[in-house]
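Work through the exercises below with the sequence and the structure at hand. Try each task before reading its solution.

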Amino acid sequence: MHITTIGKYTAIEAVRTRVPVMALLVLAALLGASFFIRELAVTETIRFQTGFYATAARLCAVFLVSLYVLASITREFNDKGLDVLLALDVPRAHYICGKLAGFMLTALVVAVIVSLPLWALAPTAAAWMWTASLFVELALVVALSLFCIVTFNQLLPAAGFVAAFYLLARSLTAMRLMSAHPVAGEDTLSHQVTGLFVESLAYVMPALDRWTETAWLVNAAPEAGVLLVIAVQGAIYLALLTAATLFDFHRRSL
Amino acid sequence: MPTFAGLTDERTLRAVPPAVSIMLALTLALQLLWHGLQPSPTAHAEALPAAPDTISLRAASFGEPIAAAQILVLYLQAFDNQPGISIPFLDLDYDRVTGWLAAALQLDPHSGYPLMMASQLYGQVPDVRKQRAMCEFVHAQFFIAPDEHWRWLAHCAIMAKHRLKDQALALRYATDITRNASKASGWARQMRIFILEDMGETESARVLLGGLLATGEITDPSEVNFLTERLQALELTGKSSPASKSRH
């Protein structure tokens with residue numbers, strides 16, 4: 001009951017702070033820019049437009065959702081709204097789960113809005129899978145942002161950590177490949193330590209470079225199994241981040 | 001006294017419900033297990049795509065065509081070493097390589113970098129057809145700025161003479177340097193004479209060498225002496241001297 005109520009009001013807050021409107025503005029701006037790119041190209045015009053729009057929309061959606069979560073929780077901390085809420089009969093776990101539910105609903109709306117042009121630009125199956133994958137990615141970014149702001153309490157370190165984590169998760173596979181097949185110095189100690197470090201990181205980070213790929217839209221839609229793998233990995237990591245957030249939040253002295 | 005929330009205001013671990021700790025441990029174990037079940041990433045060599053057209057590149061460079069040209073050549077240069085895999089230059093599509101090099105030169109016509117890559121990197125593969133393609137590319141681009149690009153064509157002339165064993169091609173390149181690159185170094189401008197000499201065209205070489213000395217274009221006394229001796233040797237023997245045979 002608490003979770004539903006907190007989730008509902010979190011979603012209402014997103015509407016009132018104009019997150020869907022921002023998503024629509026992002027859509028309009030990127031769509032306009034994509035038409036410009038399309039006009040510049042002399043061949044494969046739709047491919048150019050789709051590629052540009054999908055890449056930019058994915059990054060903008062991640063930025064929008066992450067910043068919204070960080071700003072929303074920071075405001076709640078600063079306004080002492082959280083103190084008031086927890087003075088009531090609301091378990092801490094319900095607060096985190098409610099917030100997460102509300103933010104995930106917001107992420108779903110953002111994912112659907114920014115994906116709208118792709119339903120016209122790309123095959124339906126590809127657009128559907130891209131949208132679904134984007135939603136899982138945004139849900140993960142939401143959980144990560146919530147974990148960071150609860151842990152660090154301040155906007156700057158939390159935003160920095162989210163950005164660094166996201167960029168690393170997007171480039172981790174390339175780093176693993178480069179580490180496994182170096183051009184030179186394979187036997188050196190420094191290379192072996194680096195390789196071990198990169199492989200260890202891969203154990204605790206999702207490989208986001210295989211998610212929400214633009215290639216699905218401009219080349220061919222992936223098999224359904226790809227989306228299943230993303231959904232399972234997303235669910236596991238979402239549960240891990242939620243548990244870590246709950247752990248930190250229970251240790252927090254208000 | 002300020003307090004540092006989040007750093008010192010923490011409750012003990014006993015404040016965390018056991019269910020949360022168990023959930024954290026379980027999900028972490030699940031993540032490790034899931035990763036362990038996933039196959040290791042495999043490297044796939046990507047084919048070099050066609051170069052974008054110059055208009056698009058100029059628009060994408062936001063008014064910095066030189067920076068765009070530099071990024072372009074670095075991208076091309078790094079293409080053979082993709083994450084986890086190394087592609088021999090020989091396996092690249094040379095029509096596309098030429099397209100990328102030409103695009104970089106169109107963005108920055110004064111740069112010698114694309115021509116260096118063509119003559120020194122892509123022109124060194126053990127494939128005569130690809131070597132010739134790179135030399136022809138350098139030759140075609142030489143005319144854009146002969147005084148700046150002559151050294152790469154000179155390299156191709158030497159390559160044509162020694163590696164391709166095509167004296168006529170070497171002579172064509174050397175002649176174009178002599179005629180079009182007035183600021184080229186003396187050795188490059190004199191290369192035509194020595195190629196003619198090696199081809200047995202001693203009379204032509206003698207006329208050119210004599211002309212070069214007569215115009216006063218050569219001012220360095222040592223170089224004048226050397227060339228005068230060469231001219232005398234040519235006039236005496238009427239054919240290629242031993243020195244020419246041991247020159248290259």
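The exercises that follow concern a predicted model.

**Exercise 1. Describe the make-up of chain A and the confidence of its prediction.**

Solution. Step 1: count the elements. Chain A holds 10 helices and zero strands. Read from the N terminus, the order is therefore α-α-α-α-α-α-α-α-α-α.

Step 2: look at the confidence. The mean pLDDT of chain A is 90, with 96% of its residues at 70 or more. Within chain A, helix H4 (residues 81-87) has the lowest confidence, a mean of 80, while H6(A) has the highest, at 95.

Step 3: look at burial and contacts. Of the 254 residues in chain A, 38% are buried. If contacts in chain A between residues at least 6 apart in sequence are taken, 80% of them join residues at least 24 apart.

**Exercise 2. Find the largest nonpolar core and say which elements give two or more residues to it.**

Solution. Step 1: start from the size. The largest nonpolar core has 69 residues. A:Val65, A:Leu138 and A:Val142 have the most contacts inside this core.

Step 2: list the contributing elements. From chain A, two or more residues each come from helices H2 (19-40), H3 (45-78), H5 (92-121), H6 (124-152), H7 (155-180), H9 (214-218) and H10 (224-251). Chain B adds helix H1 (18-37) to this list. The largest share, 19 residues, is given by H6(A).

Step 3: follow one residue. Apart from neighbours within four places in sequence, A:Val65 touches A:Thr106, A:Ala107, A:Val110, A:Leu138, A:Val141 and A:Val142.

Step 4: check for another core. A second, separate core has 49 residues, including B:Ala68, B:Trp100, B:Leu105 and B:Val138.

As background, nonpolar side chains in soluble globular proteins tend to be buried together.

**Exercise 3. Work out how H5(B) and H7(B) are oriented to each other, and which residues meet.**

Solution. Step 1: take the axes. The axes of helix H5 (residues 113-121) and helix H7 (residues 146-162) of chain B come within 10 Å and cross at roughly 10°.

Step 2: apply the cut-off. Angles under 35 degrees count as roughly parallel, so H5(B) and H7(B) are roughly parallel to each other.

Step 3: name the residues in contact. On the side of H5(B) they are B:Leu115, B:Met116 and B:Ser119. On the side of H7(B) they are B:His149, B:Trp152, B:His155 and B:Cys156.

Step 4: sort them by class. The contact of H5(B) with H7(B) has four nonpolar, three polar and no charged residues.

**Exercise 4. Examine three loop residues, A:Arg18, A:Lys80 and B:Pro49: are they buried or exposed?**

Solution. Step 1: place them. A:Arg18 lies in the loop between helix H1 (2-16) and H2 of chain A. A:Lys80 lies in the loop between H3 and H4 of chain A. B:Pro49 is in the loop between H1 and helix H2 (54-60) of chain B.

Step 2: use the neighbour counts. A residue is exposed if 12 or fewer other C-beta atoms lie within 10 Å of its own. A:Arg18 has 11 such neighbours, so A:Arg18 is exposed. A:Lys80 has 11 and therefore counts as exposed. B:Pro49, with 11, is exposed.

Step 3: check phi. Most residues other than glycine have a negative phi. A:Arg18, not a glycine, has a positive phi near 65°. A:Lys80, not a glycine either, has a positive phi of about 60°.

Step 4: add a distance. B:Pro49 and B:Gly99 are 50 residues apart along the chain, and their C-alpha atoms are separated by 9.9 Å.

Key: Residues numbered from 1 in each chain as written. Chains lettered and ligands numbered in written order. Axes fitted to C-alpha atoms, helices over the stretch in contact; angles between N-to-C directions. Helix = DSSP H or I, 4+ residues; strand = E, 2+ residues; numbered from the N terminus. Parallel < 35°, antiparallel > 145°, perpendicular 65-115°, else oblique. Contact = placed C-beta atoms within 7 Å. Nonpolar A, V, L, I, M, F, W, Y, C, P; charged D, E, K, R; others polar. Core = buried A, V, L, I, M, F, W, Y, C linked by C-beta atoms within 7 Å. Buried ≥ 20, exposed ≤ 12 C-beta atoms within 10 Å, placed from the backbone. pLDDT = per-residue confidence, 0-100.
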